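Here is a short tour of one protein chain, written for someone who likes to keep the structure open while reading. Rotate the view as you go and look for each feature in turn.

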Amino acid sequence: MRILISNDDGILAPGLAALYHAVADLGEVEVVAPETTQSAMGHAISVLKPLAVRKVHVAQSFHGYSVDGRPADCVKLGLMELMAAKPDFVLSGINAGVNTGMNVLYSGTVAAAAEGAFFGIPSIAFSLELSDELDFQRAGSIARTIFQRFARSKPPSGMCLNVNIPALDAGWPLGVRVCPQSTSQMEDFYTREMHEHGHSIYMLDGRMPDANSHPESDLAAIRERYVAITPLRFDMTDHRVLGQVGAWEWPGAFE
Ligand code: MN
């Protein structure tokens, strides 16, 4: 089997190396990842801008393509130009920090997996909760187990899983929960400072919403030390109100 690995923390990030080594013996693995950190770039792509591509040797252990672009650029370019053959799976991560709740929409890690899914390739985004001891080796072993289960299920074209692993300082996760993404609003805020030149500088800060307000969600699963697995879809149509809005009286023609 062929696997494409990407991420949003950059090709030299330890989480990418951990994911590579975790699945390297399962098939032919190729790496196409951003040259630099691309956190919170969401599903941005580069238009009207050239993408510099370099072949790099990472940590004396594997080769990959580094792309001076966004995570979605890497997967798109990898699939359309760089890879010798279309992969069977796209894996993204392992991100340093969870991508739960509304962060799914800001996440470059998720975007890389989503781009694979847009091409019909079953994909997984992996993220590890931040903690003092970011144990990517153990997270890699968890990612491998989850990926093998996914591959064995023969996932349909374009299935995309968002996998979040709780902090591992306290030991292995207690299990897996397949759960919906929380849609609670982030509890974030800006701090303001005055720049010496007289203008204001704002810094975004804050935290995830209270998991208690959405007890079945990915946020609650992570808080309770379970691996949270959420199947994602990318049709942003609000089907609940599609008929209602369609039934409004709309003009028949414009002149
Ligand atoms: Mn990241």
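What follows covers the sheet, the helices that pack on it, and some contacts of aromatic rings. Please keep in mind that this is a predicted model.

**The sheet and its helices**

Let us begin with the strands. Nine of them form an open sheet with mixed pairing, in the order β3-β4-β2-β1-β5-β6-β7-β11-β8. At the edges stand β3 (53–58) and β8 (176–178); each has a single partner strand, so one side of each is left without a neighbour in the sheet. On average, neighbouring strands of this sheet are turned by 25° against each other, direction ignored.

Within the sheet, strand β6 (residues 123–128) pairs with strand β7 (residues 160–165) in the parallel sense, over six bridges. If you want a spot to zoom in on, isoleucine 124 stands opposite leucine 161 in β7.

Two helices are worth finding next. Helix α4 (residues 108–118) packs on the sheet and touches β1 (2–6), β5 (89–96), β6, β7 and β11 (227–232). The direction of α4 makes about 170° with that of β6. Helix α5 (residues 136–152) also packs on the sheet, with contacts to β1, β5, β6, β7 and β11. Here the direction of α5 makes about 155° with that of β5.

**Aromatic pairs**

How many aromatic pairs does the structure hold? There are six, and two of them are set out below.

| Pair | Distance of ring centres | Angle of planes | Arrangement |
|---|---|---|---|
| Phenylalanine 89 and phenylalanine 147 | 5.1 Å | 85° | edge-to-face |
| Tyrosine 190 and tyrosine 202 | 6.3 Å | 90° | edge-to-face |

The phenylalanine pair links distant parts of the chain: phenylalanine 89 is in strand β5 and phenylalanine 147 in helix α5, 58 residues apart. Both phenylalanine 89 and phenylalanine 147 are buried. Ring pairs also join Phe89, Phe147 and Phe150 into a cluster.

For the tyrosines, tyrosine 190 lies in strand β9 (residues 187–194) and tyrosine 202 in strand β10 (residues 200–207), so this pair ties together parts that are twelve residues apart in sequence. Are tyrosine 190 and tyrosine 202 buried or exposed? Both are exposed.

**Arginines over rings**

Two arginines round off the tour. Arginine 138 lies over the face of tryptophan 172, at 4.7 Å from the ring centre. Arginine 177 lies over the face of tyrosine 226, at 4.2 Å from the ring centre.

Notes: Residues are numbered from 1 along each chain as its sequence is written. This is a predicted model: local features need pLDDT of at least 70, side-chain atom pairs count only at pLDDT 80 or more; totals for chains, interfaces and linings use all residues. Side-chain values use heavy atoms; hydrogens and water are left out. Two strands pair if DSSP finds at least two bridges between them. Helices (H or I, at least four residues) and strands (E, at least two) are DSSP runs, numbered from the N terminus. Axes are lines fitted to C-alpha atoms, for helices over the stretch in contact, and angles run from 0 to 180 degrees between N-to-C directions. Contact means heavy atoms within 4.5 Å. Rings of Phe, Tyr and Trp (its six-membered ring) pair if their centres lie within 6.5 Å; planes under 30 degrees apart count as stacked, over 60 as edge-to-face and the rest as tilted. Buried means under 20% relative accessible area, exposed over 50%, partly exposed in between (1.4 Å probe, protein chains only). A charge sits over a ring if NZ of Lys or CZ of Arg is within 6 Å of the ring centre and within 35 degrees of the ring normal.
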